[in-house]
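Here's a quick round of questions and answers about charged side chains and who pairs with whom. Have the structure open while you read.

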Amino acid sequence: MSTTTPAPRPALSGASNFRDLGGLTGLDGRRVRTGQVFRSDHLGALSADDHRTLQPLGITHSIDFRGVAERSALPSALPGATAVSLAIEPTVVVQVQALLARGQVPTEAETVALMCRTYRAFAHAAAPTYARFFQHLLAHPTPLVFHCTAGKDRTGFAAALLLGALGVPREAVMADYLLTNQLYRRSPLVQAHGPAHVMDVLWQVQPAFLNAALDTIDTDFGGLARYLEGPMGLGPQERDRLCARLLEA
């Protein structure tokens, strides 16, 4: 059986990485429902046409993983949706800028290592924030979108956790994660400058990034199931509720 039947993606002029997480095959061969959970890059440049395109989706909440300065510089605007801030500060960008300020230009390999370190921190330091993401999913059974700036790292890890919780195989989770490289267009509204080889790493995704987080979960927490039940607060009852909501019968 195929593990994916991608949901149609709305054509938006102000967001390039907006997509429905539905269509993947999860627990017991049940498909993830479409029209319930969406992921995206920043929503601060949506046009009036974009608003009209998104309105029929009935999105009630917009979960924003961006840090304080990011939100201030480019406020998210999705009419009819309640904005929910679950801030995770973009530490890798700060680290790279600090290196450049000292005249130290990281190599491509060093930049990849910084990204992997960031993803390992998602699994540890940012765990309470991702637990709040799951709490929101359980408390508000209505369509929502979650996003960060590019919709690839903080958002990508959130998507991986959610799909994993729904029983989607790791290879399908990775395929969804890597889809960013086909979809995302760098926004001229996002200020980030540096050597091309560094920016190319920062603005794309690689299997090594997500694997750094997932391998950390396996090594430090005993696997995804224990991680979900522990740091994420998804015991058997909560996970059953999540699956009942987001998997087709």
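Q: Is R52 buried or exposed?
A: Quick background: this is a predicted model, where local features need pLDDT of at least 70, side-chain atom pairs count only at pLDDT 80 or more, and totals for chains, interfaces and linings use all residues. Residues are numbered from 1 along each chain as its sequence is written, and side-chain values use heavy atoms, with hydrogens and water left out. Buried means under 20% relative accessible area, exposed over 50%, and partly exposed in between (1.4 Å probe, protein chains only). R52 has a relative accessible area of 55%, so the label is exposed.

Q: Which residue does R52 meet in a salt bridge?
A: A salt bridge here is a side-chain nitrogen of Lys or Arg within 4 Å of a carboxyl oxygen of Asp or Glu. R52 sits in helix α1 (residues 48-54), and its partner is three residues apart, about one helical turn; helices are DSSP runs of H or I with at least four residues, strands are E runs with at least two, and both are numbered from the N terminus. The partner is partly exposed at 49% relative accessible area. With N to O at 2.3 Å, the side chain that R52 meets is D49.

Q: How many salt bridges does a search of the whole structure find?
A: The R52 and D49 pair is a salt bridge, and D218 forms another with R170. Searching the whole structure, the total is nine.

Q: How far apart are the closest N and O atoms of D218 and R170?
A: D218 is partly exposed at 38% relative accessible area, and R170 is partly exposed too, at 34%. In their salt bridge, the closest N and O atoms are apart by 3.4 Å.

Q: Which residue forms a salt bridge with D200?
A: The closest N and O atoms of this pair are 2.7 Å apart. D200 lies in helix α9 (residues 196-202) and its partner in the loop between α8 (180-183) and α9, so the pair ties together parts 14 residues apart in sequence. D200 is partly exposed at 37%, and the partner, also partly exposed at 45%, is R186.

Q: Which residue is linked with R19 and R39 in a network of salt bridges?
A: Look in α7, where the buried residues include A172, V173, M174 and Y177, plus the one you want. The buried residues of α7 pack against β1 (19-20), β2 (37-40), α4 (108-123), α6 (154-165), α8 and α10, contact meaning heavy atoms within 4.5 Å. The residue linked with R19 and R39 is D176.
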